[in-house]
Amino acid sequence: MKKRITVVGGGAWGTALAVQAVRAGEDVELILRNPDLADRINTKGENDLYLPGVSLPGALRATTNYDGIRDSDAVLLVTPAQHLRETLTRFAAHWTDDLPAVICCKGIEKETGALMAQVVNETLGNVPVAVLSGPTFAQEVAAGLPAAITLACEDRVLGKRLVDLIGTPEFRPYFSTDVAGVEVAGAIKNVLAIASGVVAGLKLGDNARAALITRGIAEMSRLAVAMGGRVETMLGLAGLGDLTLTCTGTLSRNYTFGVALGEGRKAKDILAERRSVTEGVHTAASITAVAAKYGVEMPICAAVNQVANHNADLRSTINALLQRPFRDELESAD
């Protein structure tokens with residue numbers, strides 16, 4: 001018997017996940033805010049705003065009506081992280097206590113410093129929560145190219161059920177119980193991808209990028225542990241895997257934003273040209289505040305925040321990082 005999956009968010013990643021759920025044999029509904037786009041998806045079989053050129057399966061239904069959420073077996077939440085609270089507040093009356101919320105957006109709420117699982121609990125109550133995160137570009141997933149991803153859930157039985165619900169031979173979810181660790185990794189990798197783009201834009205070399213990725217994992221690990229996650233998760237798909245992809249792949253919005261910064265453009269001008277959200281810009285500010293709260297030193301993320309959100313001089317910021325004191329590699333403070 002087919003299961004019903006609702007995907008909330010009609011951007012590139014939400015659309016790709018909806019395609020994957022259809023491919024897994026499920027009955028899928030994609031909820032958008034834009035009625036014109038919903039109509040075009042249903043009539044033309046293409047999300048021409050966020051995933052142009054990708055033919056969508058006829059079984060995928062787009063809608064702006066969220067009454068059907070209560071009849072779903074799982075809901076994939078793929079709205080931008082900073083909009084999740086407002087979205088779930090609108091949906092709360094339609095949610096049942098046993099309906100799993102699968103978080104597929106990556107970030108830390110700017111105003112509160114909350115991880116997305118906390119936002120879900122504060123808006124929907126004690127509903128089942130899982131997190132889906134890992135090295136997955138939307139275009140490749142939608143095309144059916146091979147990918148592996150982490151699905152984290154504290155409830156092992158539910159987690160394994162969700163893995164079976166969305167997994168296929170080409171889209172392989174690996175189960176984890178480390179919800180906090182997977183969330184922290186997914187949020188921080190966007191910030192580090194901006195830094196990696198800056199390295200490329202300034203032509204600082206592959207050595208510098210390798211150093212950045214490695215020291216970025218150190219920052220990621222320190223904050224993850226402080227927030228209840230595990231170091232091992234940082235070395236898996238949600239950590240090293242996703243970080244490597246977004247720090248090297250030109251399909252990454254955060255990486256290309258950093259490249260443009262490195263080439264001398266202003267953050268506000270780059271963002272003004274974009275339809276899709278560059279999540280790492282918001283998360284850089286959130287991470288800086290959360291790191292201060294937990295007493296965790298994260299110099300790379302702090303530098304990205306200064307450049308992306310406070311117009312700090314790029315060369316001076318990089319020089320300050322390079323002039324930091326030498327330390328033992330495995331020290332807890334960088």
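**View 1. The largest cavity of this predicted model holds about 50 Å³ of space.** Its lining consists of I103, C104, C105, K106, G107, V131, L132, S133, V182, E183 and G186. Two elements, β6 (129–133) and α7, each give two or more residues to this lining. Sorted by class, the lining has 6 nonpolar, 3 polar and 2 charged residues. The count of cavities of 30 Å³ or more comes to 2.

**View 2. The second largest cavity has a volume of about 30 Å³.** It is lined by I5, A74, L76, V102, L151, L162, L165 and I166. Both β4 (74–77) and α6 (156–166) give two or more residues to the lining. The largest share, 3 residues, comes from α6. The class make-up is 8 nonpolar residues, with no polar and no charged ones.

**View 3. The UniProt record, an unreviewed entry, places the feature "binding site" at W13, R33, Y50, K106, A138, R253, V277 and E279.** From this set, K106 belongs to the lining of the largest cavity. Two other positions, Y50 and R253, get views of their own below.

**View 4. The largest pocket has a volume of about 1200 Å³.** It is lined by 49 residues, and the closest to its centre are G11, A12, W13, R253 and S276. The elements giving two or more residues to the lining are α1, α3 (84–91), α5 (138–142), α7 (179–201), α10 (237–248) and α11. By class, this lining has 22 nonpolar, 18 polar and 9 charged residues.

**View 5. Helix α1 covers residues 12–23.** Its 12 residues should span 16 Å at 1.5 Å a residue, and the end C-alpha atoms are 16 Å apart, so the two values agree. The helix is mostly covered, with 11 of its 12 residues buried. The buried residues are A12, W13, G14, T15, A16, L17, A18, V19, Q20, A21 and V22. After α1 comes G25, which has a positive phi near 95 degrees.

**View 6. Y50 lies in the loop between α2 (35–44) and β3 (61–63).** Its relative accessible area is 27%, so Y50 counts as partly exposed. Leaving aside neighbours within four places in sequence, Y50 is in contact with G10, G11, A12, L37, R275 and S276. The UniProt entry includes Y50 in its "binding site" feature.

**View 7. R253 sits in helix α11, which runs over residues 253–262.** R253 is partly exposed, with a relative accessible area of 40%. Not counting residues up to four places away in sequence, R253 touches R274, S276, V277 and T278. One of these partners, V277, is also a UniProt "binding site" position. Another, S276, appears among the contacts of Y50 as well.

**View 8. The second largest pocket has a volume of about 730 Å³.** Of its 27 lining residues, those closest to the centre are L212, R215, I300, L321 and L322. The elements α7, α8 (206–226), α14 (299–310) and α15 (314–322) each give two or more residues to the lining. By class, the lining has 20 nonpolar, 1 polar and 6 charged residues.

Notes:
Residues numbered from 1 in each chain as written. Predicted model: local features only at pLDDT ≥ 70, side-chain atom pairs only at ≥ 80, totals over all residues. Heavy atoms only, no water. UniProt positions renumbered as here; feature names shortened; annotations may be inferred. 1 Å grid on protein atoms, 1.4 Å probe; cavity = no way out; pocket = protein on both sides within 12 Å on 5 of 7 lines; lining within 4 Å. Helix = DSSP H or I, 4+ residues; strand = E, 2+ residues; numbered from the N terminus. Buried < 20%, exposed > 50% of the residue type's maximum accessible area, 1.4 Å probe, protein only. Contact = heavy atoms within 4.5 Å. Expected span 1.5 Å × (residues − 1). Points joined across faces, edges and corners; volume = space filled by probe spheres on them. Nonpolar A, V, L, I, M, F, W, Y, C, P; charged D, E, K, R; others polar.
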